[in-house]
Structure formats: C-alpha cells, structure tokens
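Work through the exercises below with the sequence and the structure open beside you. Try each task before reading its solution.

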Amino acid sequence: MKTMAAGEFKAKCLQVMDQVRSTRTPIVITKRGRPIAKLVPAEEYRSTAFDSLKGKIEILGDIVSPLVPPEDWEALK
C-alpha cells in the first residue's frame, strides 16, 4: 500500500483522489511518519432491477389496507 505525507497530500489532493479512483489502490496518509488516514476508492454504484422501473410505476389508492374486509375472511367466521 502506498503512503504519502500529509503535506504532499494537501498539495496534490485532487490528483491523488483521481489516481485512487482510477487505480482502485488505497493510499495511507501520514503525519510525521505515522499513519493518520487512509484514502480508499468508493464503492461503485450498481443498479438493481428496481432501478430500471424508477418513474414508470404509479401507486394509486391505498396499498396498505386489505382488499377484502375482515368480515369476509373465513378465518374469522
């Protein structure tokens, strides 16, 4: 794992972030030779099957209440 002094990181912050994103390699940031932080690449967003339906479904009415009133349930009779 690559290490970098805090002063150098401060001077090159945006370049280092781009490098970590493209190489997917974490960098440990040190201060006086001691590690103080670790810059790691963010997890990439993965779309799901539900994402493809976004904006295409509209809910009309009450989706919580049962369709059949409890009086008609056989279990209650």
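**Exercise 1. The sheet**

Find the order in which the strands lie in the sheet, and state which strands are at the edges.

Solution. In this predicted model, three strands make up an open sheet, and their order is 1-2-3. The pairing in this sheet is mixed. Strand 1 and strand 3 are the edge strands, since each of them pairs on one side only. On average, neighbouring strands of the sheet are turned by 35° against each other, direction ignored.

Next, take the pairs in turn. Strand 1, residues 2-5, is joined to strand 2 by four bridges, and these two strands run parallel. K2 has I27 as its bridge partner in strand 2. Strand 2 is also joined to strand 3, residues 34-39, by five bridges, and here the strands run antiparallel. Two of the partners can be named: I27 is bridged to L39 of strand 3, and K31 is bridged to R34 of strand 3. I27 thus appears as a partner of K2 and as a partner of L39.

**Exercise 2. The order along the chain**

Count the helices and strands, and write down the order of the elements from the N terminus on.

Solution. The count comes to two helices and three strands. Read from the N terminus on, the elements follow the pattern β-α-α-β-β. Compare this with the sheet: strand 1 and strand 2 pair in parallel, and the pattern places two helices between the first β and the next one.

**Exercise 3. The nonpolar core**

List the residues of the largest nonpolar core and say which elements each supply at least two of them.

Solution. The core has seven residues: M4, F9, V16, V20, I27, I29 and L39. Helix 2 (13-23) and strand 2 (27-31) each supply at least two residues of this core. As a general point, nonpolar side chains in soluble globular proteins tend to be buried together.

Now follow one member of the core. Which residues does F9 contact, leaving aside neighbours within four places in sequence? The contacts of F9 are M4, V16, I29 and L39. Each of these four is also on the list of core residues.

**Exercise 4. The covered strand**

Decide how many residues of strand 2 are buried, then examine T30.

Solution. Four of the five residues of strand 2 are buried, and the strand is mostly covered. T30 is in strand 2. Its relative accessible area is 14%; the cut-off for buried is under 20%, so T30 counts as buried. Not counting residues up to four places away in sequence, T30 touches T3, M4, A5, A6, P35 and I36. T3, M4 and A5 fall in the range 2-5 of strand 1, while P35 and I36 fall in the range 34-39 of strand 3.

**Exercise 5. Positive phi angles**

Locate R24 and R32, give phi for each, and decide how exposed each one is.

Solution. Begin with R24, which is in the loop between helix 2 and strand 2. Phi of R24 is near 60°, a positive value in a residue other than glycine. With a relative accessible area of 37%, R24 is partly exposed.

R32 is in the loop between strand 2 and strand 3. R32 is not a glycine either, and its phi is positive, about 55°. The hairpin of strand 2 and strand 3 has two residues between the strands. The relative accessible area of R32 is 81%; exposed means over 50%, so R32 counts as exposed.

**Exercise 6. The end of helix 2**

Find a polar contact of the T23 side chain, and classify T23 as buried, partly exposed or exposed.

Solution. T23 belongs to helix 2. The side chain of T23 reaches the backbone oxygen of Q19 at 2.8 Å. T23 has 43% relative accessibility and is therefore partly exposed. T23 and P41 are 18 residues apart along the chain, and their C-alpha atoms are separated by 8.7 Å.

**Exercise 7. The whole chain**

Compare the radius of gyration of the protein with the value for a compact globule of 77 residues.

Solution. A compact globule of 77 residues would have a radius near 11 Å, but the protein has 27 Å. The C-alpha atoms fill a box of roughly 75 × 30 × 20 Å along the principal axes. Of the 77 residues, 12% count as buried.

Methods
Residues are numbered from 1 along each chain as its sequence is written. This is a predicted model: local features need pLDDT of at least 70, side-chain atom pairs count only at pLDDT 80 or more; totals for chains, interfaces and linings use all residues. Side-chain values use heavy atoms; hydrogens and water are left out. A nonpolar core is a set of buried Ala, Val, Leu, Ile, Met, Phe, Trp, Tyr and Cys residues joined through side-chain atoms within 4.5 Å. Buried means under 20% relative accessible area, exposed over 50%, partly exposed in between (1.4 Å probe, protein chains only). Contact means heavy atoms within 4.5 Å. Two strands pair if DSSP finds at least two bridges between them. A polar contact is a pair of N or O atoms within 3.5 Å; within protein, one must be able to donate a hydrogen and the other to accept it, and residues adjacent in sequence count only if both atoms are side-chain atoms. Axes are lines fitted to C-alpha atoms, for helices over the stretch in contact, and angles run from 0 to 180 degrees between N-to-C directions. The radius of gyration is taken over C-alpha atoms; the globule rule is 2.2 Å times the number of residues to the power 0.38.
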